[in-house]
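Here are some notes for a colleague who is opening this structure for the first time. Please keep the sequence and the model side by side while reading the numbered points.

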Amino acid sequence: MNSKIKNIKTEVLSDNWYILRKVTFDFLQKNGEWQTQSREAYDRGNGAVILLYNQATKTVILTRQFRMPTYLNGNPDGMLTEACAGLLDADNPEDCIKKETQEETGYQITDVQKIFEVYMSPGSVTEILHFFVASYSKEQKINEGGGVEEEEEIDVLELDFQKALDMIKTGEIKDAKTIMLLQYVQINQLI
């Protein structure tokens with residue numbers, strides 16, 4: 001319980017896709033005065049994300065799919081190159097990311113390493129994202145992936161690791177979670 005917050009009032013503005021709430025509250029200022037504030041918070045649940053890497057071939061697996069919010073904010077075709085990710089729903093983060101990896105990339109992985117968890121956009125979204133890495137091999141590919149089971153249209157990309165890093169510099173990769181994972185692999189010399 002935060003002693004700097006009181007009189008919390010929550011109003012649901014939309015529950016069409018996920019839940020958008022307006023929260024009005026009193027916040028104790030540093031000068032000792034209470035100030036009424038309101039914020040909108042989008043609750044889409046928590047998620048998990050993974051970067052698959054192969055030390056022998058020095059490659060990574062990424063996905064590419066249409067993302068409407070990026071299209072609305074200047075991405076000409078709305079396509080975004082990113083690491084495999086999904087919402088937890090009722091799963092724990094590790095089970096979720098194994099299932100998402102198989103659905104989106106076609107790789108069946110068993111050993112994943114959780115590296116951290118992050119609030120990705122704490123000013124407006126409640127989501128905590130659990131970050132994972134895992135090594136992969138050609139033998140683990142059991143289908144084409146692409147998100148067909150969830151009626152998604154996802155392209156699976158196997159990229160040279162250095163090319164993926166260069167794509168950050170050129171702006172071809174603009175997704176924060178993907179950039180964080182690529183940099184994690186680089187900093188920790190996993191490839």
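1. The place to begin is the surface of this predicted model, where Phe 66, Met 68, Tyr 71 and Leu 72 form a nonpolar patch whose accessible area comes to about 430 Å² together. Helix α1 gives the most to this patch, contributing three residues.

2. Within the patch, Tyr 71 deserves a separate look, since Tyr 71 is found in helix α1. Is Tyr 71 buried, partly exposed or exposed? Its relative accessible area is 41%, so Tyr 71 is partly exposed, because that class lies between the 20% limit for buried and the 50% limit for exposed residues.

3. Moving along the chain, the reader comes to Asn 73, which lies in the loop between α1 (68–72) and β6 (79–82). Asn 73 has a relative accessible area of 70% and is therefore exposed, because the cut-off for that class is over 50%. As a guide to distance across the model, the C-alpha atoms of Asn 73 and Ser 135 are separated by 34 Å, and these two residues are 62 residues apart along the chain.

4. The largest pocket should be examined next, and its volume is about 1700 Å³. It is lined by 44 residues, of which Arg 44, Arg 67, Pro 69, Glu 82 and Lys 177 are the closest to its centre.

5. Which elements supply at least two residues each to the lining of the largest pocket? They are the strands β4 (47–54), β5 (59–66), β6 and β7 (84–87), together with the helices α1, α2 (93–105) and α4 (176–187). Strand β6 provides the largest share of this lining, with four residues.

6. As for the chemical character of that lining, the residues of the largest pocket divide into 17 nonpolar, 17 charged and ten polar.

7. The second largest pocket holds about 210 Å³ of space. Its lining consists of Val 23, Arg 39, Glu 40, Ala 41, Tyr 119, Pro 122, Gly 123, Ser 124, Val 125 and Thr 126. Strand β3 (residues 34–43) gives the largest share of that lining, namely three residues.

8. Sorted by class, the lining of the second largest pocket has five nonpolar, three polar and two charged residues. A reader comparing the two pockets may wish to set these counts beside the 17 nonpolar, ten polar and 17 charged residues that line the largest pocket.

How values were computed. Residues numbered from 1 in each chain as written. Predicted model: local features only at pLDDT ≥ 70, side-chain atom pairs only at ≥ 80, totals over all residues. Heavy atoms only, no water. Buried < 20%, exposed > 50% of the residue type's maximum accessible area, 1.4 Å probe, protein only. Patch = residues over 30% accessible without salt bridge, like charges linked within 9 Å, V, L, I, M, F, W, Y side chains within 5 Å. Areas by Shrake-Rupley, 256 points an atom, 1.4 Å probe, with all protein chains shown as cover. Salt bridge = Lys/Arg side-chain N within 4 Å of Asp/Glu carboxyl O. 1 Å grid on protein atoms, 1.4 Å probe; cavity = no way out; pocket = protein on both sides within 12 Å on 5 of 7 lines; lining within 4 Å. Points joined across faces, edges and corners; volume = space filled by probe spheres on them. Nonpolar A, V, L, I, M, F, W, Y, C, P; charged D, E, K, R; others polar.
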